[in-house]
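Good morning, everyone, and thank you for making room for me today. I would like to walk you through one protein model, moving from its strands to its helices and then to a pocket.

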Amino acid sequence: MGKLLYSATMSLDGFIAGPGGDMGWFGAYLGPNPVVGELIGDIGALLVGARTFGGDDPHRGTEREGKAFGGGWEGPQFVLTHHAPAEPVPGVTFVADLAGAVAAAKAAAGEKYVNVLGATVARGCLEAGLLDEVFVCVVPVLLGGGVRLFDRPDGTPVQLERLHQSEAGGATNLWLRVVG
């Protein structure tokens with residue numbers, strides 16, 4: 001089976017969304033990034049948190065709104081939530097428990113990555129020992145508050161091994177493996 005990868009774009013001060021989940025800042029940093037382009041082709045399924053699924057869309061007001069990676073990716077999505085909507089959402093499966101969501105997403109992804117979107121789900125995967133890799137595009141902005149990449153108050157350090165580092169446009173790409 002494929003690996004579980006948490007990917008995000010992050011401000012220099014460690015936030016993936018601004019206060020209140022605001023993603024409006026993100027649009028200024030969308031642009032060609034060969035590493036992201038290659039990654040999108042290697043994703044077999046998405047594992048998404050409820051806040052991310054129902055949250056602010058950096059593509060709001062465009063034809064790309066509501067589409068994964070702005071329409072650059074299509075495939076099965078698994079949303080971790082205890083409050084599934086009454087009406088089905090095409091291509092989306094709502095799962096109430098982390099283990100079940102990970103298992104379903106991995107089965108759907110086959111040998112490709114399960115891409116985790118959402119800080120809370122990523123933290124849960126990390127704490128359960130399920131997260132394999134982290135890919136972060138660090139962009140040159142200080143948000144000052146919001147949703148942190150990883151928020152683990154009083155948590156123990158997690159060792160990471162750098163697999164790749166590069167630059168694209170204004171972003172610095174960091175690809176890391178979770179080692180302990």
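**Strands, helices and a pocket**

Let me start with a single pair of residues, where Met-10 stands opposite Val-138 in S7. Before I go on, please keep in mind that this is a predicted model, and that every value I quote has been computed from it.

Met-10 is one of the residues of strand S1, where Leu-4, Tyr-6, Ala-8 and Met-10 point one way and Leu-5, Ser-7, Thr-9 and Ser-11 point the other way, and all of them are buried. Put as a count, strand S1, residues 4–11, has eight of its eight residues buried, and is therefore called mostly covered, with buried meaning under 20% relative accessible area.

Which strands does S1 run alongside? S1 is joined to S7 by seven bridges, and these two strands run parallel. S1 is also joined to S6, again in parallel, by three bridges, and here Tyr-6 stands opposite Val-116 in S6.

It helps to step back for a moment and place these strands in the whole protein, which contains four helices and ten strands. Read along the sequence, the pattern is β-β-α-β-α-β-β-α-β-α-β-β-β-β. Of the 180 residues of the protein, 41% count as buried.

Now let us turn to strand S3, residues 43–49, which is also mostly covered, since seven of its seven residues are buried. S3 pairs in the parallel sense with strand S4, residues 77–80, over four bridges, and one example is Val-48, whose bridge partner in S4 is Val-79. S3 is also joined by five bridges to strand S6, residues 113–117, and these two run parallel as well. In that pairing, the bridge partner of Leu-46 in S6 is Asn-115.

Is Leu-46, which is found in strand S3, buried or exposed? Leu-46 is buried, because its relative accessible area is 1%. The chain also brings Leu-46 and Pro-76 to a C-alpha separation of 6.5 Å, although they are 30 residues apart along the chain.

From the strands we can move to the helices, and one general idea will help here. An α-helix has 3.6 residues a turn, so residues three or four places apart point the same way.

In helix H1, residues 34–41, the buried residues are Val-35, Leu-39 and Ile-40. Seen down the axis of H1, these buried residues fall within an arc of 135 degrees, so they line one face of the helix. The face of H1 turned away from that buried side carries the exposed residues Pro-34 and Glu-38.

Helix H4, residues 119–127, can be read in the same manner, with Ala-119, Val-121, Ala-122, Cys-125 and Leu-126 buried. Down the axis of H4, the buried residues fall within an arc of 165 degrees, so they too line one face of their helix. Glu-127 also has its place in helix H4, but Glu-127 counts as exposed because its relative accessibility is 52%, and exposed means over 50%. After H4 comes Gly-129, whose phi is positive, near 75 degrees.

Two cysteines deserve a short remark. Cys-125 is buried, with a relative accessible area of 0%, and Cys-137 is buried too, with a relative accessible area of 6%. A disulfide is a covalent bond between the sulfur atoms of two cysteines. How many disulfides does the model contain? The count comes to zero, where the rule asks for a pair of cysteine sulfur atoms within 2.5 Å.

My last stop is the second largest pocket, which has a volume of about 150 Å³. Its lining includes Leu-126, Phe-150, Arg-152 and Leu-160. The elements that give two or more residues to this lining are strand S7, residues 133–139, and strand S10, residues 171–178, and S10 gives the most, with three residues. What kinds of residue make up the lining of this pocket? They divide into ten nonpolar, no polar and one charged.

Arg-152, one of the lining residues, also leads us back to helix H4. Glu-127 and Arg-152 are 25 residues apart in sequence, and their C-alpha atoms are 9.6 Å apart in space.

Technical notes:
Residues numbered from 1 in each chain as written. Predicted model: local features only at pLDDT ≥ 70, side-chain atom pairs only at ≥ 80, totals over all residues. Heavy atoms only, no water. Buried < 20%, exposed > 50% of the residue type's maximum accessible area, 1.4 Å probe, protein only. Arc of directions from axis to C-beta. 1 Å grid on protein atoms, 1.4 Å probe; cavity = no way out; pocket = protein on both sides within 12 Å on 5 of 7 lines; lining within 4 Å. Points joined across faces, edges and corners; volume = space filled by probe spheres on them. Nonpolar A, V, L, I, M, F, W, Y, C, P; charged D, E, K, R; others polar. Pairing = 2+ DSSP bridges.
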